[in-house]
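These are my notebook entries on a single protein chain. I wrote down each item as I looked it up.

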Amino acid sequence: MPVSPNGGIERAQGSALPGSNAPLLTRCRCGRLWNLMMERGQSGNPGCVRCSCEAELVSWSGTIIFNAVPAETD
């Protein structure tokens with residue numbers, strides 16, 4: 001799966017459309033890989049997802065929110 005060397009988000013497989021629940025893969029600055037899932041949320045509820053090292057992986061301020069789980073590294 002492609003991962004941005006700069007810690008950005010890359011689509012894990014195929015071409016996920018915004019608003020879909022297809023996984024996105026990101027690498028934290030500490031090196032840990034995370035699968036991010038987009039979901040619809042209530043508008044006006046900003047938030048963020050942080051790595052276990054406390055670095056911010058992704059933030060939002062609209063109706064799309066994210067959840068993250070560690071990626072398998074087999």
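**Entry 1. The hairpin of β2 and β3.** I began with the hairpin that β2 and β3 form, in a model that is predicted. Five residues lie between these two strands, and among them Gly31 takes a positive phi near 105 degrees. I noted that β2 and β3 run antiparallel and that four bridges join them. For one facing position I looked up Thr26, which stands opposite Trp34 in β3.

**Entry 2. The chain as a whole.** I then stepped back to the secondary structure. The chain has zero helices and six strands, and its pattern along the sequence reads β-β-β-β-β-β. I recorded that 27% of the 74 residues count as buried. The chain exposes about 4800 Å², and 48% of that area is supplied by carbon and sulfur atoms. I also looked up how far apart in sequence the contacting residues are. Among contacts with a separation of 6 or more, 32% are between residues 24 or more positions apart.

**Entry 3. Cys28 and its surroundings.** Where does Cys28 lie? I found Cys28 in the loop between β2, residues 24–27, and β3, residues 33–40. Cys28 counts as buried because its relative accessibility is 5%, and the cut-off for buried is under 20%. I listed the contacts of Cys28, leaving aside neighbours within four places in sequence: Trp34, Cys51, Cys53, Ala55 and Leu57. One of these partners, Cys51, is 23 residues from Cys28 along the chain, yet their C-alpha atoms are separated by 6.9 Å.

**Entry 4. The cysteine sulfurs.** How many disulfides does the count come to? The count comes to zero disulfides. I wanted the distances behind this result, and the cut-off that matters is 2.5 Å between the sulfur atoms. For Cys30 the closest cysteine sulfur is in Cys28, and because the distance is 3.7 Å, it is too far for a bond. For Cys51 the closest cysteine sulfur is also in Cys28, and because the distance is 3.6 Å, it is too far for a bond as well. I then recorded how accessible these two partners are. Cys51 has a relative accessible area of 2% and is therefore buried. Cys30, at 45% relative accessibility, counts as partly exposed.

**Entry 5. The hairpin of β4 and β5.** I turned next to β4 and β5, which run antiparallel and are joined by four bridges. Cys48 stands opposite Ser59 in β5. These strands form a hairpin with five residues between them, and Glu54 is in the turn. I confirmed the location of Glu54 in the loop between β4, residues 47–50, and β5, residues 56–60. The phi of Glu54 is near 80 degrees, a positive value in a residue other than glycine. I added a general remark for comparison: most residues other than glycine have a negative phi. Is Glu54 buried or exposed? Glu54 counts as exposed, because its relative accessibility is 55% and the cut-off for exposed is over 50%.

**Entry 6. Ser43.** I placed Ser43 in the loop between β3 and β4. At 56% relative accessibility, Ser43 therefore counts as exposed. Leaving aside neighbours within four places in sequence, Ser43 is in contact with Gly62 and Thr63. I also looked up the spacing between Ser43 and Ser61: they are 18 residues apart along the chain, and 7.7 Å separates their C-alpha atoms.

**Entry 7. The largest nonpolar core.** Which residues make up the largest nonpolar core? I counted 12 residues in all: Leu24, Cys28, Trp34, Leu36, Met38, Val49, Cys51, Ala55, Leu57, Val58, Trp60 and Phe66. The elements that give two or more residues to this core are β3 and β5. Cys28 and Cys51, from my earlier entries, are both members of this core.

**Entry 8. The aromatic pair.** My last search was for paired rings, and the count comes to one aromatic pair. The pair consists of Trp60 and Phe66, whose ring centres are 6.1 Å apart. I recorded an angle of 45 degrees between the planes, and the pair is tilted. Trp60 and Phe66 are both buried, and both belong to the largest nonpolar core.

Definitions and conventions. Residues numbered from 1 in each chain as written. Predicted model: local features only at pLDDT ≥ 70, side-chain atom pairs only at ≥ 80, totals over all residues. Heavy atoms only, no water. Buried < 20%, exposed > 50% of the residue type's maximum accessible area, 1.4 Å probe, protein only. Contact = heavy atoms within 4.5 Å. Areas by Shrake-Rupley, 256 points an atom, 1.4 Å probe, with all protein chains shown as cover. Pairing = 2+ DSSP bridges. Phe/Tyr/Trp six-rings, centres within 6.5 Å; stacked < 30°, edge-to-face > 60°. Core = buried A, V, L, I, M, F, W, Y, C linked by side-chain atoms within 4.5 Å.
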